[in-house]
Amino acid sequence: MPDLFGIILWPLKWAVELVLVAWHWLFTTMGLPAAEGITWVLSIVGLVIVVRAALIPLFVRQIKSQRKMMEIAPELRKVQEKYRGKRDQLSREAMSRETMALYKKHGTTPVSSCLPLLVQMPIFFALFSVLNDVQKIGANPDFSGVGLLDNELTREFYDARLFGVASLHETLINAVESSNTVAIVILVILVALMIVSQFFTQLQIISKNLSPEAKTGQAYQMQKIMLYILPLAFIFSGVFFPLGVVIYWFTSNIWTMVQQFIVIREMPTPGSDAAKAREERLARKGKAINAEGKVVPMAKYLEEQERLRIEAEKAKAAAPKRQQPVSKQRAKKQGGKPAGGAPSKPSAGGAGGPSSSGDPDGGASAPAAR
């Protein structure tokens, strides 16, 4: 039976080997030993730089999509409230249509918010497969990778040891079985750093870059739960990760932390604590954010605010005044018509109002016969 997973990953494994070998060639050209662990560790760091730099356009798109999702959150809640408790098929279809229309109108979808993660996962699986396959040369001396990682480079990778003691394809389980104390210490420290960096990366978003509205939704509760569940998952999965994969993951987390720090500092979510902190920093520098979201000098910002205030007052003065509704009884007393309503109904005794006899009681009390 053909290995479908291997066939799907083949192009990605070929690309991973290409980048890995290219960085290895660069470092050996600079004078580092070809078979040393540090050379291959730096090659893995170079692979992270290439992958994450290629994902920057998707990351920018993710940020924009998340902002739009936050903007339309109140409208989405109205749609959900409109169909709350309605379980019939027609109502479900109508709710789905209105939701999709909102996504189309604002040019966003929930999928685009997690696109970088979805794209990065196959690359991670490909790297895991490449590093895992390196071990096969132990049983098969003629083994080589699917691309530029030929038999000689695979042998160098297999023999490379970090600090001369920990193989890059070694897992924590292998290290415990071989009683390699130094490798155990290195792997435990790196797995712990990987988990802490993953936790802190998520904490950055939840604590600083969410608006008060976003902190009241169900999605926020899910994010808080995932903040503590993901580290637990990495405790168990990290035991099975080869050292090279742990180095890749930890380096990737460091990239994410720096990238998020810059985004949260310079492009925070409107209304969030990070946005308020940025406004305070700009104010101390004599700058502010104008209506178009651009940083301008404070004097220009104040001019814009004054112009907007005058325009708002003019628009308010030009708008037609709303006429307060008046009850029929009150309108009758005032001798007019109820505002916006039908004309007052005539009385049963005449043309309306006091009777034609001039009797204030409407002629109800006739003079007695003599």
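At what angle do helix 1 and helix 2 pack, and how far apart are their axes? The legends below address this and other views of a predicted model.

**View 1. Packing of helix 1 against helix 2 in the predicted model.** Helix 1 spans residues 4-29 and helix 2 spans residues 37-54. The two helices pack at an angle of about 125°, and their axes are 8 Å apart. Helix 1 is therefore oblique to helix 2. Their crossing is right-handed.

**View 2. Residues at the contact of helix 1 with helix 2.** Helix 1 contributes V16, V19, L20, W23, H24, F27 and T28. From helix 2, the residues that meet them are T39, W40, L42, S43, I44, G46, L47 and V50. Sorted by class, this contact has 10 nonpolar and 5 polar residues, with no charged residues.

**View 3. Surroundings of Y220 in helix 11.** Helix 11 covers residues 218-237 and includes Y220. The relative accessibility of Y220 is 13%, and Y220 therefore counts as buried, the cut-off being under 20%. L210 lies 10 residues from Y220 along the chain, and the C-alpha atoms of these two residues are separated by 8.9 Å.

**View 4. T251 in helix 12 and its contacts.** T251 belongs to helix 12, which runs over residues 243-266. With a relative accessible area of 17%, T251 is buried. Residues up to four places away in sequence aside, T251 touches V45 and V48.

**View 5. Segments listed as transmembrane region in UniProt.** The unreviewed UniProt entry lists residues 7-26, 38-60, 114-131, 182-206 and 227-250 under this heading. Two of these segments are described here. Over residues 182-206, the chain is 100% helix and 0% strand, and the end C-alpha atoms are 37 Å apart. Over residues 227-250, the chain is 79% helix and 0% strand, and the end C-alpha atoms are 17 Å apart.

**View 6. The protein as a whole, for orientation among the close-up views.** The predicted model has 15 helices and 4 strands. Of the 370 residues in the protein, 34% are buried. Among contacts between residues at least 6 apart in sequence, 62% join residues at least 24 apart.

Note on methods:
Residues numbered from 1 in each chain as written. Predicted model: local features only at pLDDT ≥ 70, side-chain atom pairs only at ≥ 80, totals over all residues. Heavy atoms only, no water. Axes fitted to C-alpha atoms, helices over the stretch in contact; angles between N-to-C directions. Parallel < 35°, antiparallel > 145°, perpendicular 65-115°, else oblique. Left-handed = near helix turned anticlockwise from the far one by under 90°. Contact = heavy atoms within 4.5 Å. Nonpolar A, V, L, I, M, F, W, Y, C, P; charged D, E, K, R; others polar. Buried < 20%, exposed > 50% of the residue type's maximum accessible area, 1.4 Å probe, protein only. UniProt positions renumbered as here; feature names shortened; annotations may be inferred.
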